[in-house]
Amino acid sequence: MRETETWDVVDTDTWDEAPDEAAYTDTDPDTWDATDADTWDDAADETAPIAQVRDDPPAGERWRTVVRTIGELLVTAGIIVLLFVVYELFVTDLLNGRRQNDLNQQVHEQWSQETPSSSSPRPQVPGDAFAVLHIPRLGEDYQRVVVEGTSHAALKDGPGHYSDSAQPGEVGNLAIAGHRTTYGSPFRDLDLVRPGDPIVVETADSWFVYRVLGDPATGDFDTDPSGIKGLEIVTPEDVQVINPVPDAAAGTPPTHAYLTLTTCHPRFSAAQRLIVHAELDGTPIAKADMPDGPPALTEG
Amino acid sequence: MYGWIWRHLPGGTAGKALLSLLLVLAVCALLLFVVFPWAEPFLPFNDVTVDG
């Protein structure tokens with residue numbers, strides 16, 4: 001309200017050019033207020049009541065409306081941007097949490113209904129639950145349902161399986177993308193993994209234990225005997241990281257089963273990609289043998 | 001703009017206040033469930049895949 005009054009006075013000063021300077025002696029802007037304006041207006045022209053003067057001048061009034069509307073629009077835009085930040089940082093997590101719960105229930109129901117003979121690779125529909133990913137380093141109970149496909153819509157639900165990449169346990173490269181921020185941030189702390197860390201993929205009837213490449217003794221990602229780095233930061237165009245042999249030429253025939261996780265880097269940016277490579281450790285473990293999961297799940 | 005809306009809302013001060021609150025909530029819902037999900041793919045910070 002105070003602001004408006006200030007505008008009033010300033011406007012009065014510009015459009016009402018009548019009052020002579022002698023009558024208007026108070027030139028200190030700090031003391032300009034409605035009372036002052038009234039005083040000098042009345043002195044200048046006794047016959048023109050202040051209310052009428054204010055209704056009269058269309059130009060000043062119009063400018064005031066324009067400026068006020070611009071101000072209101074700018075404030076509104078600021079509030080909308082803030083609301084968007086709230087949406088991204090909190091609401092998407094809520095949505096994803098609910099979706100992951102549903103998917104988790106769904107996938108376990110589906111698995112329990114499947115007879116062992118029907119567990120041959122079934123056609124995968126984009127967006128369908130694909131497998132469950134466990135990364136003990138990110139929390140003992142860390143598990144996310146991986147969905148098929150890496151479309152924007154699929155990744156809202158959970159980490160997504162690159163459709164052309166290998167199946168769990170298959171020789172080649174099983175590649176999975178996931179959000180670093182927003183939508184549950186499944187790969188937020190992916191940079192915390194260390195060489196040798198287990199990454200466990202759970203399917204209808206098996207557990208697959210992959211281990212992050214690198215030297216577990218020194219913690220150096222770059223000295224794995226395979227020559228593949230356990231963790232690397234690349235540009236978004238570096239598609240060779242999800243090749244059947246990671247970082248090798250596209251045609252190189254794979255001899256091992258790899259797992260590659262991709263997410264954005266740094267957090268809150270998409271300038272680069274954070275990549276984690278792992279290799280299958282041993283053979284798949286049948287769920288029938290270990291219903292509660294392999295010992296790797298509770299390591300560390 | 002807000003003054004114009006306030007003047008055009010029917011009712012007394014209490015009614016206007018209630019209607020204003022409803023309007024604010026409606027706009028928030030529209031933004032959260034329609035506008036933001038639509039606008040999101042155009043923003044870069046959700047890109048997590050590698051693609052050529």
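In what sense, parallel or antiparallel, do strands E8 and E9 of chain A pair, and over how many bridges? In this predicted model, E8 of chain A and strand E9 (residues 272-280) of chain A pair in the antiparallel sense, with eight bridges between them. Within this pairing, A:Thr260 has A:His277 of E9 as its bridge partner. The two strands form a hairpin, and six residues lie between them. One residue of the turn, A:Phe268, has a positive phi of about 65 degrees.

Strand E8 of chain A spans residues 257-265, and nine of its nine residues are buried, so the strand is largely enclosed by the rest of the structure. Burial is assigned here where 20 or more other C-beta atoms lie within 10 Å of that of the residue. E8 of chain A is also joined to strand E4 (residues 172-177) of chain A, through six bridges, and these two strands run parallel. Along this pairing, A:Gly172 stands opposite A:Ala257, and A:Ala175 stands opposite A:Thr260. A:Thr260 is thus placed opposite A:Ala175 of E4 and is bridged to A:His277 of E9.

Strand E4 of chain A is itself mostly covered, with five of its six residues buried. In addition to its parallel pairing with E8, E4 of chain A is joined in the antiparallel sense to strand E3 (residues 160-161) of chain A by two bridges. A:His161 in E3 has A:Ile176 as its bridge partner in E4. The pairings described here therefore connect E3 to E4, E4 to E8 and E8 to E9, with burial of E8 in such numbers that the strand is largely enclosed.

Chain A as a whole contains five helices and 10 strands. Of its 300 residues, 32% are buried. Among the contacts in chain A with a separation of 6 or more, 56% are between residues 24 or more positions apart.

Chain B, by contrast in its element content, has two helices and zero strands. Its radius of gyration is 18 Å, well over the 10 Å that the globule rule gives for 52 residues, so chain B is more spread out than a compact globule. Along the principal axes, the C-alpha atoms of chain B fill a box of roughly 60 × 20 × 10 Å. Buried residues account for 10% of the 52 residues of chain B.

The contact between the chains takes 30 residues from chain A and 16 residues from chain B. On the side of chain A that touches chain B, helix H4 (58-113), helix H5 (152-157) and strand E8 each supply at least two residues. The largest share, eight residues, comes from H4 of chain A. By residue class, this side of chain A comprises 15 nonpolar, 10 polar and five charged residues.

Two packed helices are described by the angle between their axes and the distance between the axes. H4 of chain A and helix H2 (residues 13-39) of chain B pack at an angle of about 65 degrees, and their axes are 11 Å apart. The crossing of these helices is right-handed. At this site, A:Ile80, A:Leu83, A:Phe84, A:Tyr87 and A:Val91 of H4 meet B:Cys28, B:Leu31, B:Leu32 and B:Phe36 of H2. The residues of this helix contact divide into nine nonpolar, no polar and no charged.

Key: Residues are numbered from 1 along each chain as its sequence is written. Chains are lettered from A and ligands numbered from 1 in the order in which they are written. This is a predicted model: local features need pLDDT of at least 70, side-chain atom pairs count only at pLDDT 80 or more; totals for chains, interfaces and linings use all residues. A residue is buried if 20 or more other C-beta atoms lie within 10 Å of its own, exposed if 12 or fewer, and partly exposed in between; C-beta atoms are placed from the backbone. Helices (H or I, at least four residues) and strands (E, at least two) are DSSP runs, numbered from the N terminus. Two strands pair if DSSP finds at least two bridges between them. Two residues are in contact if their C-beta atoms, placed from the backbone, lie within 7 Å. Ala, Val, Leu, Ile, Met, Phe, Trp, Tyr, Cys and Pro count as nonpolar, Asp, Glu, Lys and Arg as charged, and the others, Gly among them, as polar. The radius of gyration is taken over C-alpha atoms; the globule rule is 2.2 Å times the number of residues to the power 0.38. Axes are lines fitted to C-alpha atoms, for helices over the stretch in contact, and angles run from 0 to 180 degrees between N-to-C directions. A crossing is left-handed if the near helix is turned anticlockwise from the far one by less than a right angle, and right-handed if clockwise.
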